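User: Hey, I've got this protein open and I'm a bit lost. Can we walk through it together?
Analyst: Sure, pull it up and ask away.

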Amino acid sequence: QVQLVESGGGLVQAGGSLRLSCAASGRTFRSHFMGWFRQAPGKEREFVAARGWSVDSSTYADSVKGRFTVSRDNAKNTVYLQMNSLKPEDTAVYYCAVKLAGRGSWDYWGQGTQVTVSS
């Protein structure tokens with residue numbers, strides 16, 4: 001059974017940094033996309049960042065480009081999201097997700113971790 005477990009969320013002041021981690025278990029995702037979404041109160045879930053096997057496959061939402069960096073450790077089956085220069089509008093529940101190769105939708109989801117940025 002596949003499980004994605006996020007950690008690293010919390011409360012931070014605007015301008016600060018946080019690093020989220022998502023550890024996958026149940027199967028390896030070396031060849032698949034691992035990424036992050038977020039959902040703010042009253043808003044729909046939105047894409048944040050994702051990465052495939054290589055760093056060249058990294059993609060980001062325009063709202064986080066230059067501030068967030070997605071990385072992964074395939075040996076640990078883990079994906080990370082380094083978030084710098086945080087803004088109050090980054091406040092949301094952040095979800096880890098995996099999209100299997102060749103599929104158009106995201107197949108596995110974590111339970112989410114809260115990130116709150118105070119002004």
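User: Which backbone nitrogen does the side chain of Glu 6 reach at 2.8 Å?
Analyst: That's the backbone nitrogen of Cys 96. Keep in mind that this is a predicted model. A polar atom of the Glu 6 side chain also lies 2.9 Å from the backbone nitrogen of Gly 112.

User: Where is Glu 6 found?
Analyst: Glu 6 belongs to strand E1, which covers residues 3–7.

User: And is Glu 6 buried or exposed?
Analyst: Glu 6 is buried, yet it has no salt bridge. The nearest side chain of opposite charge is Arg 45, and that one is 7.9 Å away. A salt bridge needs the nitrogen and oxygen within 4 Å.

User: What is Glu 6 in contact with, if I skip its neighbours within four places in sequence?
Analyst: Quite a list: Ser 21, Cys 22, Trp 36, Tyr 94, Tyr 95, Cys 96, Gly 110, Gln 111, Gly 112 and Thr 113.

User: Cysteines, ok. How many disulfides does the structure hold?
Analyst: It holds 1 disulfide, and that disulfide joins Cys 22 to Cys 96 with the sulfurs 2.0 Å apart. The two cysteines sit in distant parts of the chain: Cys 22 is in strand E3 and Cys 96 in strand E9, 74 residues apart.

User: What's a disulfide again, chemically?
Analyst: It's a covalent bond between the sulfur atoms of two cysteines.

User: Is the link of Cys 22 and Cys 96 left-handed or right-handed?
Analyst: Left-handed, with -75 degrees about the S-S bond.

User: Why does Cys 22 count as buried?
Analyst: Because its relative accessibility is 0%, and the cut-off for buried is under 20%. Cys 96 is buried too, with a relative accessible area of 0%.

User: New topic: salt bridges. How many are there?
Analyst: The count comes to 4. Arg 38, Glu 46, Arg 67 and Asp 90 are linked in a network of them.

User: Which side chains does Arg 38 meet in salt bridges?
Analyst: Arg 38 meets Glu 46 at 2.6 Å, N to O, and Arg 38 also meets Asp 90 at 2.9 Å, N to O. Arg 38 and Asp 90 come from distant parts of the chain, with Arg 38 in strand E4 and Asp 90 in the loop between E8 and E9, 52 residues apart.

User: Which of those are buried and which are partly exposed?
Analyst: Arg 38 is buried, with a relative accessible area of 5%, and Asp 90 is buried at 0%. Glu 46 is partly exposed at 36%.

User: What does Asp 62 form a salt bridge with?
Analyst: Lys 65, with the closest N and O atoms 3.2 Å apart. Asp 62 is exposed, with a relative accessible area of 66%.

User: Last thing, the greasy middle. How many residues are in the largest nonpolar core?
Analyst: There are 27 residues in that core. Those with the most contacts inside it are Trp 36, Val 48, Phe 68, Leu 81, Met 83 and Tyr 94.

User: Which strands supply at least two residues of this core?
Analyst: Strands E3, E4, E5, E7, E8, E9 and E11 each do.

User: And what is Phe 68 in contact with, again skipping neighbours within four places in sequence?
Analyst: Its contacts include Val 48, Leu 81, Met 83 and Tyr 94. Phe 68 also contacts Arg 38 and Asp 90, whose side chains meet in that salt bridge we talked about.

Technical notes
Residues numbered from 1 in each chain as written. Predicted model: local features only at pLDDT ≥ 70, side-chain atom pairs only at ≥ 80, totals over all residues. Heavy atoms only, no water. Core = buried A, V, L, I, M, F, W, Y, C linked by side-chain atoms within 4.5 Å. Buried < 20%, exposed > 50% of the residue type's maximum accessible area, 1.4 Å probe, protein only. Helix = DSSP H or I, 4+ residues; strand = E, 2+ residues; numbered from the N terminus. Contact = heavy atoms within 4.5 Å. Disulfide = S-S within 2.5 Å. Lys, Arg positive; Asp, Glu negative; His and termini not counted. Polar contact = N/O pair within 3.5 Å; in protein donor to acceptor, adjacent residues only side chain to side chain.
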